[in-house]
Amino acid sequence: MLGTKRGHLESIVENIRTYGIHALLAVGGFEAYEGVLQLVEARGRYEELCIVMCVIPATISNNVPGTDFSLGSDTAVNAAMEGWGCWRGHCVVSSREGCQGLSSRPSPLPGLGALGWFLTAACPGRSAGTPTFLYPQSCDRIKQSASGTKRRVFVVETMGGYCGYLATVTGIAVGADAAYVFEDPFNIHDLKANVEHMTEKMKTDIQRGLVLRNEKCHDHYTTEFLYNLYSSEGKGVFDCRTNVLGHLQQGGAPTPFDRNYGTKLGVKAMLWVSEKLREVYRKGRVFANAPDSACVIGLKKKAVAFSPVTELKKDTDFDRDWARLKAAVADSVLWLRRLETLDLTQALQGSVDVMHRMPREQWWLSLRLMLKMLAHYRISMAAYVSGELEHVTRRTLSMETGF
């Protein structure tokens, strides 16, 4: 809306002055939250930034402080269970590679409606004349494919940046054997225990496995590393396949929860902005410099609440992954030229792509013990933190009176 790129404060201020903007409603992920925070912190230098601001968190990563759920995160969990796969009773092809040699024209597949196509093209491992089906493949069906093939383990990579919400919640939903995330550090000994558990599992009636990995859970234990590890250690016991879901999780139709949630946040945000404008509008101009004039709207437990961005800053992890950042810069000729005159740390201060960008405390981490329970690990129930019942009244349903 402002027609500017990230970090150009002067251009933003100029556009706000030119068009007489009195309020800003930002819909986006962590960058939207961080951008509004930067605008609020610059109010002392630019009077034009003393306007009403509200952030509606909308990101599949679910990493915006001030809310338990971001718009799109529920849809992404469903999409994470719908990676494109090629099914022939026992063959699932990675979405990264896809089916090779698709030369025939697809036609609607009876029984699957518009979701499926019947293809007679060549597919890896497919004999001549064998029909191949291409359709949205869920993690549940991937597990079924592994069971049908017998002794097969799938390593599936999810998105989310450094936030492991997608991998954790999807893992619980589909009963994954493991879900590796950045917030729950792991080492080679943990991987060894997981592989050994998988090997023992293959000796039972449940001869299939599913392992989820958040895309930035570890610098060295990549999806390819996990595939090679499970393939090598499980040789003769089970085989392994990979599936990188990628940006597939960012598309698709919103779930009913996200549709209703988005409507509720949009209405309440506009009502809040209108009320704030009436409070700060004086003599034909708007001057809003109080902390509560720039907030993030979100669902916190059972209430829709507004949280000032300045108060959320202390609860946000802005730390940078310097090891990953230095490795990325080492491959850039442009940055290497800058490093001839600048210190490495100084040259990288402006980068945001490798920031952790997530809340310091996340509610879903307490659910991770359920993963081991569902995977039949030997764990102590004493470590499980149970929830507490809260008495619900009409007044406690919202932070605002009369909702």
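A salt bridge is a side-chain nitrogen of Lys or Arg within 4 Å of a carboxyl oxygen of Asp or Glu. One such pair is formed by the side chains of R285 and E47, at 2.3 Å from N to O, and the structure holds 14 salt bridges. This is a predicted model, in which local features need pLDDT of at least 70 and side-chain atom pairs count only at pLDDT 80 or more, while totals for chains, interfaces and linings use all residues. Residues are numbered from 1 along each chain as its sequence is written, and side-chain values use heavy atoms, with hydrogens and water left out.

**Salt bridges**

- The pair R285 and E47 links distant parts of the chain, 238 residues apart: R285 is in strand β12 (residues 285–286), and E47 is in the loop between α2 and β2. Helices (H or I, at least four residues) and strands (E, at least two) are DSSP runs, numbered from the N terminus.
- R285 is partly exposed at 40% relative accessibility, and E47 is partly exposed at 45%. Buried means under 20% relative accessible area, exposed over 50%, and partly exposed in between (1.4 Å probe, protein chains only).
- K201 forms a salt bridge with D177, with 2.5 Å between the closest N and O atoms. K201 belongs to helix α6 (residues 188–201) and D177 to the loop between α5 (165–174) and β8 (178–180), so this salt bridge ties together parts that are 24 residues apart in sequence.
- Both partners of this pair are buried: K201 has a relative accessible area of 12%, and D177 has 5%.
- K276 and D292 meet through their side chains in a salt bridge of 3.2 Å, N to O. Because K276 lies in helix α8 (residues 256–280) and D292 in the loop between β12 and β13 (294–300), the pair ties together parts that are 16 residues apart in sequence.
- K276 is buried, with a relative accessible area of 11%, whereas D292 is partly exposed at 38%.
- E14, R17 and E48 are joined into one network by salt bridges that share partners.

**Helix α1**

- Helix α1 (residues 9–19) has L9, I12, V13, N15 and I16 as its buried residues. Seen down the axis of α1, they fall within an arc of 165 degrees, so they line one face of the helix; the arc is that of the directions from the helix axis to the C-beta atoms.
- An α-helix has 3.6 residues a turn, so residues three or four places apart point the same way.
- The buried residues of α1 pack against α2 (30–41), with contact meaning heavy atoms within 4.5 Å.
- The exposed residues E10 and T18 are carried on the face turned away from the buried side of α1.
- Just after α1, G20 takes a positive phi of about 60 degrees.

**The position of G66**

- G66 is placed in the loop between β2 (52–57) and α3 (73–80), and G66 counts as buried at 12% relative accessibility.
- Leaving aside residues up to four places away in sequence, G66 touches G298, K300, S307 and L312.
- The C-alpha atoms of G66 and G298 are 6.2 Å apart in space, although the two residues are 232 residues apart in sequence.
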